[in-house]
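Let's take a walk through this one together, stopping at a few spots worth a closer look. Have the viewer open and follow along.

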Amino acid sequence: MIIKKQLGNITALFTTEENSKITSFIVVPTNMVDKVLEDKLNVSYFTKYGNRQPDSMFQVAFLGDSPSRDFSSGMSYRNSETSKNMHFVKQEIKEENDFITLITYLEDNKGIKGKQVLRYKKGYDCLEIYNEVTNNSSENKILEYISSFSLDEITPFVIDNDPSTIVLHRFRNHWSGEGHLESLPVSNFEMENTWSLYGIRMERFGQVGTMPARGFLPFVSLEDTLNNVTWAVQIEAPASWQIEVGYHTSGLHISGGIADYNFGHFRKILKPNESFKTNKAYISVVNGSLLEASQKIIEYQNSLKVFKKSEEAMPIIYNDYLFTNGNPSLINEKKQIAICEKLGINTFVMDDGWFKNEVNNCGYLGDWVVNTKQFPGGLKEYAHEINKANMLAGIWIEFENVTIGSNASLKLNWMHTRNNILIKHEDRIFLDFRKKEVFDYYLNHIVNTLKESNVSYLKVDYNENIGLGVDGAESLGEGLRLHIEAVLMFYRKLKESLPNLVLEICSSGGMRHEPTFISLADMVSFSDIHEGVEGALCACNLQYFMAPRIMQVWATMRDYYNDDEIIYRMVQGMLGRLCLSGDLSVYDEARLKIIKDGIDFYRKIAFIIKDGTTYHINTKNLNSYRFLHDSFSLLRGSKNKDYMLFYAFAVKAPIKDIEDTLPYNDYEIIASYGKGISAIKDNIIIVKPNNYQTFASVFLLKRKGVE
């Protein structure tokens, strides 16, 4: 049995195999439905050497479940006893405003009920999905694994996959090395049939702890290059998570969600009639490339986000960190405030160090009391000076852990333990936000501090991963999940208490690049790449994963930069939300004019950064962030393609032009920032760098005849 549900340009297929009664789930582009091979979906077609069952759309496992006998025990909980017994019951469709919700109900014969919820917003080529399991038995059940989604039978357009024609895309993500695209054919992972179709091939990746983007971004994509179809998925993953890509019986599968007991020590007791709902996943499938599929997810997520009116003009930020290096004072901040006002910067943020202890000048986290020696009038005077210069005042904070030596660190009953031992990472210990006294104290303290001082921008950082898990629940992983849920609620309460607060979420730069945290932020830090030229490459690659309108990108200025290096950093910052840093007081009028020209140009192109689409990211030839020896570029345009932005970079590059193909052949260059010589020939933009060692320019194009 095959059920087809069209949801705009995506069609969901639910296939129930006759012998096992197991229902699988796949999505395809609607215009490709007639090319789906039913024999591929009928798994019994392949079972020449025994009964190889299909994969269930509802992947769940409880303590005591028999694993599948395919050598997967210890590697994966997929196709456990409960999963295999979950049978299709019914579907229902609900339609409300712009949304269509499709709910699929499943159950086994032991009192376990499952529900897959698909949500489609009209006009967007992306599906939101989550699973929910309910214990309807008369005894407690211990949940050890449940996925947020499971896609099977990839690719459904051929009977037998050629693994060299299917590409696995994922992004490695490390401190100051975020968004590193890894694209490999699945043959690299041996994802193909054995002679008897027996066994399983599996590549599991993810991370453990409270820095969800450490190691990998919570994203996966499979591209069928023969049929030009790409599947892409982001998962909500605020703490430990996993994604599994595997080959089983007849096709590839991908699934993901909270890290299971094997990977993240997750166990949860479900009492009779209790339910557990997963975090969401976001799925797209397109006739096209990885970039096209990923942009569909980004566009959908942006459509759900409510942006503050104050952010619609894409205000430009100055952050003092690369000037003060964590040792600010009102006297030295005034040097930068005057220059920022002159340049037309909108927001001034004081980073680390404003709270340093007055006795020994140590930056203890946890107490959050301003150092009145450095700031005699407190934060209120600091904000007043900035407001006088027609800018919003911001400060940095890191409220989830504390430094040993602070007054807060003496409250050991506020801190996390693991196996009844205080979790300590050198001088850091961790606050338990499940505890009402912790939650209430810090919420009131931070809200009152911001209100009293008239600080209206908050950069929240997080610089240490808590690890495997914490005490206080059925398992360390469940303790961690409950803690991070409390942290997310803290963010929500903070926003409710201060509705006009502009919130930047940072975690050692980009270690919380994850849909849940991103949804709470007005901006997220793109990286901690303060120095070096690789920041531009990182900011280009991250546009696969998030919208540049919320991605804050450093443009650090140093006194030893020449004109080309200043321009490079400015163009780098224009790949997202422009954030200047460094000592601007060392620059003469000529160099300040280069910066001011960049700021003025940024305002001309901000509408494309804010609401446009990224069409090309040309970075595939660059495998190292630190050792760049080539040119790279990015093409972003308005959704109607009337306007285009072309970013061109070269670092120690061979002497060659930087080129890209435009959607149409009637564009003209109407403005630019940088020194490159440019031309358009037919539908090709051609840029000749003036300097192949450190070069960057950005060009604004318009179609002829557009008003």
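A residue counts as buried when its relative accessible area is under 20%, and as exposed when that area is over 50%. Keep in mind as we go that this is a predicted model.

With that cut-off in hand, start at Cys 579: its relative accessible area is 0%, so it is buried. Does it have a bonding partner, or is it on its own? The closest cysteine sulfur belongs to Cys 340 and sits 9.9 Å away, which is too far for a bond. Cys 538 tells a similar story. That residue is buried because its relative accessibility is 0%, and its sulfur lies 9.3 Å from the closest cysteine sulfur, the one in Cys 540, so no bond can be drawn there. For a disulfide, the two sulfurs would have to be within 2.5 Å. Searching the whole structure turns up zero disulfides.

Next, have a look at a little open sheet. It has three strands, ordered β4-β9-β19, with antiparallel pairing. The edges are taken by β4 (60–62) and β19 (268–270); each has a single partner strand, so one side of each has no neighbour in the sheet. From one strand to the next, the twist averages 45°. Zoom in on β9, which covers residues 141–146, and you'll find three bridges holding its antiparallel pairing with β19. Ile 142 faces Ile 269 of β19 across that pairing.

Now over to a pair of helices. Packed helices are described by the angle between their axes and the distance between those axes. Here, α7 (residues 378–388) packs on α8 (residues 436–453) at about 50°, and the axes are 8 Å apart. That angle is why α7 counts as oblique to α8. On the α7 side, Leu 379, Lys 380 and Ala 383 make the contact, while α8 brings in Thr 449, Glu 452 and Ser 453. The crossing of α7 past α8 is right-handed.

Finally, a few backbone oddities in loops. Ile 154 and Thr 155 are joined by a cis peptide bond, with omega at about 5°; Thr 155 lies in the loop between β10 (149–154) and β11 (166–174). Asn 325 isn't a glycine, yet its phi is positive, at about 55°. You'll find Asn 325 in the loop between α5 (321–324) and α6 (330–343), and with 54% relative accessibility it counts as exposed. Asp 682, also not a glycine, has a positive phi of about 55°. Its place is the loop between β40 (677–681) and β41 (684–688), and a relative accessible area of 58% makes Asp 682 exposed.

Technical notes. Residues numbered from 1 in each chain as written. Predicted model: local features only at pLDDT ≥ 70, side-chain atom pairs only at ≥ 80, totals over all residues. Heavy atoms only, no water. Buried < 20%, exposed > 50% of the residue type's maximum accessible area, 1.4 Å probe, protein only. Pairing = 2+ DSSP bridges. Helix = DSSP H or I, 4+ residues; strand = E, 2+ residues; numbered from the N terminus. Axes fitted to C-alpha atoms, helices over the stretch in contact; angles between N-to-C directions. Parallel < 35°, antiparallel > 145°, perpendicular 65-115°, else oblique. Left-handed = near helix turned anticlockwise from the far one by under 90°. Contact = heavy atoms within 4.5 Å.
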